[in-house]
Amino acid sequence: MYIRGYQTSDCKELAALFYNTVHIVNAKDYSKKQLDAWATGQIDLEKWNQSFQEHYCVVAVDNNIIAGFGDIDRTGYLDRLYIHADYQGKGVATDICNVLEKEVHGSIITHASITARPFFEKRGYKVVKEQQVERVGVFLTNFVMIKERQPVV
């Protein structure tokens, strides 16, 4: 497996990976109604591509299969981190986070799902608050989490 930068040609596959990961991996922590609201299958690929290009985005590839992806913006907001259902627990998220976290100085913030919270806690992130996020009239619980880091002097 290797990690490379995002390419525009990845966008459609990343959208499918996002949908499948939410509906398979997060199903243990969220209802079907919540999963359908979170990942509707109706992603504006043009907007996602633009977002990926504006952020630092990396893709993990294993035998020509995209195993996962993640992105972070210049402010230290870790926006998306999704790992293919078949690659859960194999270090893919750790490898992606290691790369993303090196790209920014100072603290990193993410909005972690119930499913992802333990992963981020093991990485030293602390829960700032639990929140209810509305998606198409449906509420989902997630956690604002921060990883405090000393600025590089």
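This briefing describes the fold, the surface and a few selected residues of one protein chain. The model is predicted. The chain holds five helices and seven strands, and 47% of its 153 residues are buried. Its radius of gyration is 15 Å, which agrees with the value near 15 Å for a compact globule of 153 residues.

**Overall fold**

- Read from the N terminus, the order of elements is β-α-α-α-β-β-β-α-β-α-β-β.
- Along the principal axes, the C-alpha atoms fill a box of roughly 45 × 35 × 30 Å.
- Among contacts with a separation of 6 or more, 61% join residues that are 24 or more positions apart.

**Surface and charge**

- The accessible surface of the chain is about 8600 Å². Carbon and sulfur atoms account for 49% of that surface.
- There are 18 positive and 19 negative side chains in the chain. The centres of these two sets are 4 Å apart.

**The hairpin of E6 and E7**

- Strand E6 covers residues 126-135 and strand E7 covers residues 138-147. The two strands pair in the antiparallel sense, with nine bridges.
- Together E6 and E7 make a hairpin, and two residues lie between them.
- Within this pairing, Val133 stands opposite Leu140 in E7.
- In a regular strand, side chains alternate between the two faces of the sheet.
- Phe143 also belongs to strand E7. Phe143 counts as buried because its relative accessible area is 6%, and the cut-off for buried is under 20%.
- Apart from neighbours within four places in sequence, Phe143 is in contact with Thr110, His111, Ala112, Ser113, Ile114, Arg117, Val127, Lys129 and Glu130.
- Phe143 and Leu100 are 43 residues apart along the chain, and their C-alpha atoms are separated by 19 Å.

**Helix H3**

- Helix H3 spans residues 45-54 and includes Phe52. Ser51 is found in H3 as well.
- Phe52 has a relative accessible area of 1%, so it is buried.
- Leaving out residues up to four places away in sequence, Phe52 touches Tyr6, Cys11, Leu14, Cys57, Phe69, Asp71 and Arg80.
- One of these partners, Tyr6, is 46 residues from Phe52 along the chain, yet the two C-alpha atoms are separated by 7.3 Å.
- Ser51 is also buried, at 15% relative accessibility.
- With residues up to four places away again left out, Ser51 touches Asp71, Asp79 and Arg80. Asp71 and Arg80 also appear among the residues that Phe52 touches.

**Loop residues with positive phi**

- Most residues other than glycine have a negative phi.
- Asn64 is not a glycine, but its phi is positive, near 65 degrees.
- Asn64 sits in the loop between strand E2, residues 56-62, and strand E3, residues 65-72.
- Asn64 is exposed because its relative accessible area is 76%, and the cut-off for exposed is over 50%.
- Val136 is another residue that has a positive phi without being a glycine, with a value of about 40 degrees.
- Val136 lies in the loop between E6 and E7, in the turn of the hairpin.
- At 69% relative accessibility, Val136 counts as exposed.

Key
Residues are numbered from 1 along each chain as its sequence is written. This is a predicted model: local features need pLDDT of at least 70, side-chain atom pairs count only at pLDDT 80 or more; totals for chains, interfaces and linings use all residues. Side-chain values use heavy atoms; hydrogens and water are left out. Helices (H or I, at least four residues) and strands (E, at least two) are DSSP runs, numbered from the N terminus. The radius of gyration is taken over C-alpha atoms; the globule rule is 2.2 Å times the number of residues to the power 0.38. Buried means under 20% relative accessible area, exposed over 50%, partly exposed in between (1.4 Å probe, protein chains only). Contact means heavy atoms within 4.5 Å. Accessible areas come from the Shrake-Rupley method with a 1.4 Å probe; for residues, only the protein chains shown count as cover. Lys and Arg count as positive and Asp and Glu as negative; His and the chain ends are not counted. The place of a charge is taken as NZ of Lys, CZ of Arg, CG of Asp or CD of Glu. Two strands pair if DSSP finds at least two bridges between them.
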